[in-house]
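These are my notebook entries from a session with one model, taken topic by topic. I wanted to look up cysteines, charge pairs, one histidine, one proline and one pair of strands.

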Amino acid sequence: MRVKTRFAPSPTGYLHIGGVRTALFSWLYARHHGGSFVLRIEDTDRERSTEASIQAILTGMAWVGLDYDEGPFRQTERFERYTTVAAEMLARGTAYRCYCSRDELEAMRAEQVARGENPRYDGRCRDRQAPVAGVNPVIRLRSPREGSVTVHDLVRGDVSFSNADLDDVILMRSDGVPTFHFGVVVDDADMGITHVIRGDDHLNNTPRHIHIQQALGVPVPVYAHLPMILGADGTRLSKRHGAVNVLEYRERGYLPDALLNYLVRLGWSHGDQEVFSREEMIELFDIAAVNAAASRFNPDKLGWLNQQYILARDRSQLAAEFGAFMDLRGLEHDQGPPLEQVVDAYRERAVTLEDMAQASTYVFHDFAAIDAKAARQHLKAGTVPVLSQVIERLEALPGWQREVIHDVLQAVAAALGIGFGKVGQPVRVAITGGTVSPPIDVTLQLIGRERVLHRLRQALQLAQAQPPVS
């Protein structure tokens with residue numbers, strides 16, 4: 001049997017973290033076994049499904065790099081198939097038409113609740129022979145009423161459900177639109193899905209799906225229900241915890257590999273290993289090692305992991321990702337140094353690409369003003385000789401390399417009989433507008449001769465305007 005998995009999101013909103021984790025585990029299982037991975041868009045909810053959401057899903061999948069072998073299929077393009085299958089089930093007697101009105105169903109459920117029973121459809125139309133004039137019926141599954149059905153789950157083990165607790169699920173609505181239960185089973189059968197890996201919120205749906213599969217006479221796929229992801233406080237993951245559009249992580253400067261690495265560790269582990277390449281994830285992933293307990297989303301751990309990826313990234317790849325991030329955010333970088341040099345200088349302090357972009361802004365653009373506190377502390381009248389000598393010596397340099405720049409600053413410190421920091425920090429404030437940057441010689445080289453000398457001259461004027469210390 002060749003493994004075939006699928007990811008089947010509903011386009012009623014963005015692709016969130018939980019959805020990406022489900023897609024990742026399905027993708028890994030298929031790739032690990034040399035199988036196929038299918039993307040299917042379950043867009044039968046006409047009121048809530050939007051084209052914008054579909055495009056967000058496709059863009060999100062492309063960004064995280066979860067490539068699919070088939071699809072994307074859309075359920076709305078398969079309505080004729082669902083209608084045909086439903087008609088075949090009616091002909092075989094495995095399904096029936098139900099003419100119950102909404103009022104009738106509500107009254108039935110109210111009576112069941114009053115008797116202390118769980119509300120469920122009581123099958124009153126199972127044996128109805130004559131249609132009801134003027135009523136468009138729904139089509140229901142004629143499900144078994146006795147015995148039980150067992151889900152053989154790769155994560156949770158065997159989970160059994162009594163058939164007496166499962167009602168005759170609706171397959172086709174009165175408007176001819178398939179329900180989720182019917183569409184997903186027909187699609188999985190037609191597409192040859194062998195393994196269904198999805199969130200455990202679907203576990204209670206699975207016995208109904210097995211009933212439909214048995215009625216259709218199609219193979220029952222192997223199921224694996226993943227534990228939910230909770231927020232750091234143990235409550236259901238929500239927007240405030242980070243359950244946002246996965247593309248927001250792109251906009252915040254996270255690397256897709258780091259995000260996938262973090263998500264694979266939410267419920268799965270391989271010893272004490274924390275950092276996995278994609279190749280290692282594919283090689284080592286074992287669905288049997290997925291923990292059935294819920295996992296907690298920890299944004300700090302994600303940040304740490306992203307930083308590890310930034311530190312270890314090949315400079316050319318990181319530069320390309322940094323450039324794409326800046327383009328995404330509308331940050332111009334054409335007038336600056338090569339991005340390979342920028343990422344080498346700023347990756348040590350960056351948790352995200354956004355951190356890197358913010359820290360290196362002055363490399364690409366002149367700043368409006370020097371930080372007032374930094375200017376008061378480091379651009380005083382006493383720094384005039386420092387800045388004057390630095391400007392004079394830098395102007396005389398034949399080249400603009402880190403080593404010769406460092407020698408100039410060292411020579412100024414020696415000539416004035418002061419420590420290197422007494423030279424480096426005023427220069428840093430002058431050329432960056434603040435007190436933090438990579439090594440000062442690296443920073444000067446990145447910013448470039450013209451910009452450095454221009455900013456130093458402005459800073460010198462500011463220092464000359466300060467009153468001498470009495």
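Entry on the cysteines. I began by noting that I was working with a predicted model, and then I looked up Cys-125, which at 0% relative accessibility counts as buried. I next asked myself which cysteine sulfur is nearest to that of Cys-125, and whether the pair is bonded or not. The nearest is that of Cys-100, 3.6 Å away, and Cys-125 is in no disulfide. Cys-100, for its part, is in no disulfide either, and at 13% relative accessibility Cys-100 also counts as buried. I wrote down the reasoning in full: a disulfide calls for two cysteine sulfur atoms within 2.5 Å, and the sulfurs of Cys-100 and Cys-125 are 3.6 Å apart. For the structure as a whole I recorded 0 disulfides.

Entry on the salt bridges. I reminded myself that side chains of opposite charge can pair when their charged atoms come close. The count for this model comes to 32 salt bridges, and I followed up a few of them.

I took Glu-70 with Lys-4 to start, where the closest N and O atoms are 2.9 Å apart. Glu-70 lies in strand E3 and Lys-4 in strand E1 (residues 4–7), so this salt bridge ties together parts that are 66 residues apart in sequence. I also checked how open the two partners are: Glu-70 is partly exposed at 27% relative accessibility, whereas Lys-4 is buried at 15%.

I then turned to Asp-366, which forms a salt bridge with Arg-455, with 2.8 Å between the closest N and O atoms. Which parts of the chain does this pair tie together? Asp-366 sits in the loop between helix H14 (361–364) and helix H15 (372–378), while Arg-455 belongs to helix H20 (residues 449–464), so the parts joined are 89 residues apart in sequence. Asp-366 is partly exposed, at 49% relative accessibility, but Arg-455 is buried, at 3%.

Another pair I looked up was Glu-248 with Arg-252, whose closest N and O atoms are 3.8 Å apart. Here Glu-248 is partly exposed at 26% relative accessibility, and Arg-252 is partly exposed at 34%.

I closed this entry with a network of salt bridges that links Arg-6, Arg-40, Glu-42, Arg-78, Arg-81, Asp-187, Asp-188 and Asp-190.

Entry on His-333. I found His-333 in the loop between helix H11 (315–328) and helix H12 (339–346), and I asked whether it is buried or exposed. At 15% relative accessibility, His-333 counts as buried. Setting aside neighbours within four places in sequence, I listed the contacts of His-333 as Gly-323, Met-326, Asp-327, Leu-339 and Phe-364. Gly-323, Met-326 and Asp-327 among these contacts fall within the span of helix H11 (315–328).

Entry on Pro-72. I looked at the peptide bond from Gly-71 to Pro-72 and found it cis, with omega near 5°. Pro-72 is part of strand E3 (residues 70–74), the strand in which I had already placed Glu-70.

Entry on a strand pair. How do strands E6 and E7 run relative to each other, parallel or antiparallel? Strand E6 (residues 148–153) and strand E7 (residues 157–162) run antiparallel and are joined by 6 bridges. I noted that a hairpin of 3 residues connects E6 to E7, and that Ser-148 has Ser-162 in E7 as its bridge partner.

Key: Residues numbered from 1 in each chain as written. Predicted model: local features only at pLDDT ≥ 70, side-chain atom pairs only at ≥ 80, totals over all residues. Heavy atoms only, no water. Buried < 20%, exposed > 50% of the residue type's maximum accessible area, 1.4 Å probe, protein only. Helix = DSSP H or I, 4+ residues; strand = E, 2+ residues; numbered from the N terminus. Contact = heavy atoms within 4.5 Å. Salt bridge = Lys/Arg side-chain N within 4 Å of Asp/Glu carboxyl O. Pairing = 2+ DSSP bridges.
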